[in-house]
Amino acid sequence: MPQKDLNHDTVSRVISGLLLPSKFVYSPPYGSEIEDIFANRLEKYIDPKISVIPQFGIKTPIQTFFLDFVIKVKGVTVGIECDGRDFHKDRAADDARDTIILGTGLVDCIFRFEGKLIYHQTEDCFYILKHYFPDVFSHRGRVNINTLASDYLKANEGGFDEIIYIDNPGVKRVRDVCDKKYGNYVYHYERVSDEDESYLREERYVRINVRYESLGNHRYYYTAFLDFLEVFLMEFRGDFNGFVIKMRDRVAMIDSHRSGKQKLSNQDMKNYNLMFEQNLVSFQSSCSMVVEF
């Protein structure tokens with residue numbers, strides 16, 4: 001099937017539905033089983049006016065990246081990644097990739113849902129998405145999601161920033177036993193070690209493992225994507241592998257980056273900000289969306 005690159009100015013019109021059907025219809029095959037499950041169940045709840053694009057391609061000077069799904073809602077472009085067990089094992093590479101995707105300006109935020117959660121408790125994924133973007137779903141869809149989502153998740157909605165943040169190697173995991181709505185307990189991991197895979201042997205347990213990524217302010221080193229983008233554009237533009245290596249010790253990377261900026265004089269800081277803006281504009285102008293017709 002032929003492909004066409006769309007420039008930055010054309011993307012919002014395309015995603016808004018001028019070139020794509022407005023109603024999302026489940027249309028397999030998808031890239032993986034969990035993507036198929038996500039799409040199949042999404043069709044039951046989504047507002048018919050919302051556009052959903054599977055395998056959303058973003059062409060950058062580094063390479064072309066693909067998001068499993070992109071949803072356009074009220075001027076916001078939301079990326080969805082369905083993380084299966086056999087994929088996305090390299091957190092540094094994933095976050096370097098997502099930094100570049102967010103830096104293109106073509107996607108405003110990215111949700112990463114773990115495959116286990118999608119398979120067992122898809123409505124919890126939708127409940128979290130609804131918390132941020134309720135208009136993705138129809139009124140009836142929101143009612144049904146509220147009914148089917150885990151009681152634990154609904155009880156802690158006000159603390160989503162704490163619930164959704166996962167993954168910090170070496171920090172002891174925390175288990176909260178929740179309702180058994182799907183015949184499974186729900187693990188809440190505020191932080192979980194990638195090296196500790198004992199939960200994989202406990203198939204009756206499902207953990208709420210979701211990451212919400214954007215260029216907005218975040219309190220954690222592991223979600224400081226605006227800092228990541230500054231480092232990439234100021235130090236590693238064009239060197240993806242070098243950026244990934246640097247991201248493997250992101251705490252040291254961000255500490256060094258921020259302390260260096262704090263030492264700049266007012267004039268040097270103005271020059272730095274101007275250079276960053278110039279690099280960002282130049283980078284974004286070289287990126288485009290790839291769609292199939």
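User: Where is the place of lysine 74 in the chain?
Analyst: In this predicted model, lysine 74 sits in the loop between strand 3 (64–73) and strand 4 (76–83). Its phi is positive, about 50°, although it is not a glycine.

User: Why is lysine 74 called exposed?
Analyst: Its relative accessible area is 71%. Exposed means over 50%. The value of 71% is over that cut-off, so lysine 74 counts as exposed.

User: Why does glutamine 55 count as partly exposed?
Analyst: Glutamine 55 has 37% relative accessibility. Buried needs under 20%, exposed needs over 50%, and partly exposed lies in between. The value of 37% falls in between, so partly exposed is the label. Glutamine 55 belongs to strand 2 (residues 51–59). Its phi is near 50°, a positive value in a residue other than glycine.

User: What makes threonine 104 count as buried?
Analyst: Its relative accessibility is 0%. The cut-off for buried is under 20%, so threonine 104 is buried. Threonine 104 is in the loop between helix 3 and strand 5 (109–114). Its C-alpha atom is separated by 9.7 Å from that of methionine 289, 185 residues apart along the chain.

User: Why does arginine 91 count as buried?
Analyst: Arginine 91 has 11% relative accessibility. That is under 20%, so arginine 91 counts as buried. It is found in helix 3. Arginine 91 and valine 244 are 9.3 Å apart, C-alpha to C-alpha, and 153 residues apart in sequence.

User: How much of the chain do buried residues make up?
Analyst: They make up 51% of the 293 residues. The chain has twelve helices and nine strands. Among contacts between residues at least 6 apart in sequence, 67% join residues at least 24 apart.

User: How do you know that helix 9 is mostly covered?
Analyst: Nine of its twelve residues are buried. They are Phe225, Asp227, Phe228, Leu229, Glu230, Val231, Phe232, Leu233 and Phe236. The cover includes helix 3, strand 8 (210–214), helix 10 (240–247), helix 11 (250–262) and helix 12 (266–285). Glycine 238 follows helix 9, with a positive phi near 95°.

User: What makes helix 3 roughly perpendicular to helix 9?
Analyst: The axes of helix 3 (residues 91–103) and helix 9 (residues 225–236) cross at roughly 85° and come within 9 Å. Roughly perpendicular covers 65 to 115 degrees. The crossing angle falls in that range, so the label is roughly perpendicular.

User: Which residues make that contact?
Analyst: Helix 3 brings Asp95, Asp98, Thr99, Ile100, Leu102 and Gly103. Helix 9 brings Phe225, Phe228, Leu229 and Phe232. By class, that contact has six nonpolar, two polar and two charged residues.

User: Why is helix 9 called roughly perpendicular to helix 11?
Analyst: Their axes cross at roughly 75° and come within 10 Å. The range for roughly perpendicular is 65 to 115 degrees. The angle fits, so helix 9 is roughly perpendicular to helix 11. On helix 9, the contact uses Asp227, Phe228, Glu230, Val231 and Glu235. On helix 11, it uses Arg250, Met253, Ile254, His257, Arg258 and Lys261. The classes come to four nonpolar, one polar and six charged residues.

User: How many aromatic pairs does the count come to?
Analyst: The count comes to 18 aromatic pairs. One of them is phenylalanine 236 with phenylalanine 243.

User: What makes the pair of phenylalanine 236 and phenylalanine 243 tilted?
Analyst: The centres are 6.2 Å apart, and the planes are at 40°. Pairing needs centres within 6.5 Å, and the distance meets that. Stacked is under 30 degrees and edge-to-face is over 60. The angle of 40° is neither, so the pair is tilted. Phenylalanine 236 and phenylalanine 243 are both buried.

User: Which residues form one aromatic cluster?
Analyst: Tyr26, Tyr30, Phe38, Tyr45, Phe69, Phe111, Phe113, Phe126, Tyr132, Phe133, Phe137 and Tyr212 form it.

User: How do you know that the charged end of lysine 130 sits over the ring of tyrosine 127?
Analyst: The charged end of lysine 130 is 4.5 Å from the ring centre. The distance cut-off is within 6 Å, and 4.5 Å meets it. The rule also asks for a position within 35 degrees of the ring normal. Lysine 130 is listed as sitting over the ring.

User: Which peptide bond is cis?
Analyst: The bond from proline 28 to proline 29 is cis, with omega near 5°. Proline 29 lies in the loop between helix 1 (8–18) and helix 2 (33–45).

Methods. Residues are numbered from 1 along each chain as its sequence is written. This is a predicted model: local features need pLDDT of at least 70, side-chain atom pairs count only at pLDDT 80 or more; totals for chains, interfaces and linings use all residues. Side-chain values use heavy atoms; hydrogens and water are left out. Rings of Phe, Tyr and Trp (its six-membered ring) pair if their centres lie within 6.5 Å; planes under 30 degrees apart count as stacked, over 60 as edge-to-face and the rest as tilted. Buried means under 20% relative accessible area, exposed over 50%, partly exposed in between (1.4 Å probe, protein chains only). Axes are lines fitted to C-alpha atoms, for helices over the stretch in contact, and angles run from 0 to 180 degrees between N-to-C directions. Helices (H or I, at least four residues) and strands (E, at least two) are DSSP runs, numbered from the N terminus. Angles under 35 degrees count as roughly parallel, over 145 as roughly antiparallel, 65 to 115 as roughly perpendicular and the rest as oblique. Contact means heavy atoms within 4.5 Å. Ala, Val, Leu, Ile, Met, Phe, Trp, Tyr, Cys and Pro count as nonpolar, Asp, Glu, Lys and Arg as charged, and the others, Gly among them, as polar.
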